Amino acid sequence: MQNTLLFCTGPSGSGKSYFIKNTLPDGLFYNLKSATTRDMRPGESDGNQYYFRDEEYFLTTPLATKLWVNRDFWQPGQKKWLYGVPETEIIQNLGKNFIYDVIEPKYIRQMINWFRMHGLETIYSFKVAWFLPAKNNMDILSARANMPNDLDVRQKNTCDANDFLDVGIWPDYILCPIKNQMDSRLMQYIGMLYDEMLWRQSKGYESVISK
C-alpha cells in the first residue's frame, strides 16, 4: 500500500497555497517545509511556514532539493534566496502522504531523484498537479512582492509545458485558476486517499516503513 507525494506546481499566484490550505481534508497530507535564507515575512515563524536559516546551513546540511530563486538578479553583497527541503524533514515523516508546493518542474525532478536514490519509489507514488496562472495575476504578484527584486523573481519563475518536458515529467492533473473548482479526477483521487487514511487509522496502521 503506497503513500502519495503530490507536487503542486505553478508560478506565483496560481493558487497552489489556496488549494493546500482550503481544499485538502485535514491531516491527509504532510506539507513538506523548505529551509530558506530569505527574510521572514509578517505572520511567519520559524518551523511553521519555513525553516529560516543562513547560507552556511545550505553548505553543510543534506538537502533533497536546492533552489536559488534570485540567481538571475543577485549582486555581490546581497542575500541569496536559497530554498531546499532538508533530508531530515522527509525522513522524520516517512509513512505520511506528502505534498510539496514548488514553482518549477526541475525541482520536482530533484525530489523524485532523491526518493529513487534512497529506494523509496516502491513506497511512494508521485502525482503532479499543474496550476495554471490567471491571465493577469500582476495584482497578486505586486501585492506579495516585499523585498528587492521580489517582483522580478516572481515574474521570472514561470512554469510552462516546455519546463515539464525538459525534465521528462508530464502533469497528472492540470488545474485552472478558479477557486473551489478543481480537476474532478484529482478530487476523486484525494477522496480515495482520504478513505484509505481513515481505514489505516481504524486498523491502528501507522506506516509501511519499518521504524
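Modeller: Let's start with one term: two strands pair if DSSP finds at least two bridges between them. Keep that in mind as we go through this predicted model.

Colleague: Okay, which strands form the open sheet, and in what order?

Modeller: In general, strands of a sheet pair through backbone hydrogen bonds, either parallel or antiparallel. Here 4 strands make an open sheet, running β4-β3-β6-β5, and the pairing is mixed. At the edges sit β4 (51-52) and β5, each pairing on one side only. Look at β3 (residues 35-36) next to β4: they pair in the parallel sense over 2 bridges. One spot to click on is T36, whose bridge partner in β4 is F52.

Colleague: And β8, which strands does that one pair with?

Modeller: β1 is one of them, in the parallel sense, over 7 bridges. L5 is a handy marker, with F126 as its bridge partner in β8. β8 also pairs with β9 (residues 173-175), again in the parallel sense, over 3 bridges. There, A129 has Y173 as its bridge partner in β9.

Colleague: Is β8 mostly covered or mostly open?

Modeller: Mostly covered: 7 of the 8 residues in β8 are buried.

Colleague: Let's move inside. How many residues are in the largest nonpolar core, and which ones touch the most other members?

Modeller: The general idea is that in soluble globular proteins, nonpolar side chains tend to be buried together. In this chain the largest nonpolar core has 37 residues, and L5, F7, I90, Y100, M111 and F115 touch the most other members. At least two residues each come from β1 (3-9), α2 (55-60), β5 (67-68), β6 (82-84), β7 (98-102), α4 (105-117) and β8 (124-131). The most come from α4, which gives 6 residues. There's also a second, separate core of 18 residues, including L6, F19, L175 and L193.

Colleague: Pick one core residue for me. What is Y100 in contact with?

Modeller: Leave aside the neighbours within four places in sequence, and the contacts of Y100 include L5, F7, L32, T65, L67, V85 and M111. Both L5 and M111 are also on that list of residues touching the most other core members.

Colleague: You mentioned α4. How many residues does α4 have, and what span would you expect?

Modeller: α4 has 13 residues, and from its first C-alpha to its last it reaches 18 Å, close to the 18 Å expected at 1.5 Å a residue. Just after α4 comes G119, with a positive phi near 70 degrees.

Colleague: Which residues of α4 are buried, and what covers them?

Modeller: The buried ones are P105, Y107, I108, R109, M111, I112, W114 and F115. Their cover includes β1, β5, α3 (87-91), β7, β8 and α7 (161-166).

Colleague: Now the whole chain. How many helices and strands are there, and what share of the residues is buried?

Modeller: The chain has 8 helices and 9 strands, and 46% of its 211 residues are buried. Among contacts with a separation of 6 or more, 73% join residues 24 or more positions apart. As for the surface, about 11,400 Å² is exposed, with carbon and sulfur atoms supplying 49% of it.

Colleague: Last one: where is confidence lowest, and where is it highest?

Modeller: The average pLDDT for the chain is 86, and 83% of the residues score at least 70. Confidence is lowest in helix α5 (residues 138-144), at a mean of 64, and highest in α3, at 97.

Note on methods:
Residues numbered from 1 in each chain as written. Predicted model: local features only at pLDDT ≥ 70, side-chain atom pairs only at ≥ 80, totals over all residues. Heavy atoms only, no water. Core = buried A, V, L, I, M, F, W, Y, C linked by side-chain atoms within 4.5 Å. Buried < 20%, exposed > 50% of the residue type's maximum accessible area, 1.4 Å probe, protein only. Contact = heavy atoms within 4.5 Å. Expected span 1.5 Å × (residues − 1). pLDDT = per-residue confidence, 0-100. Areas by Shrake-Rupley, 256 points an atom, 1.4 Å probe, with all protein chains shown as cover.
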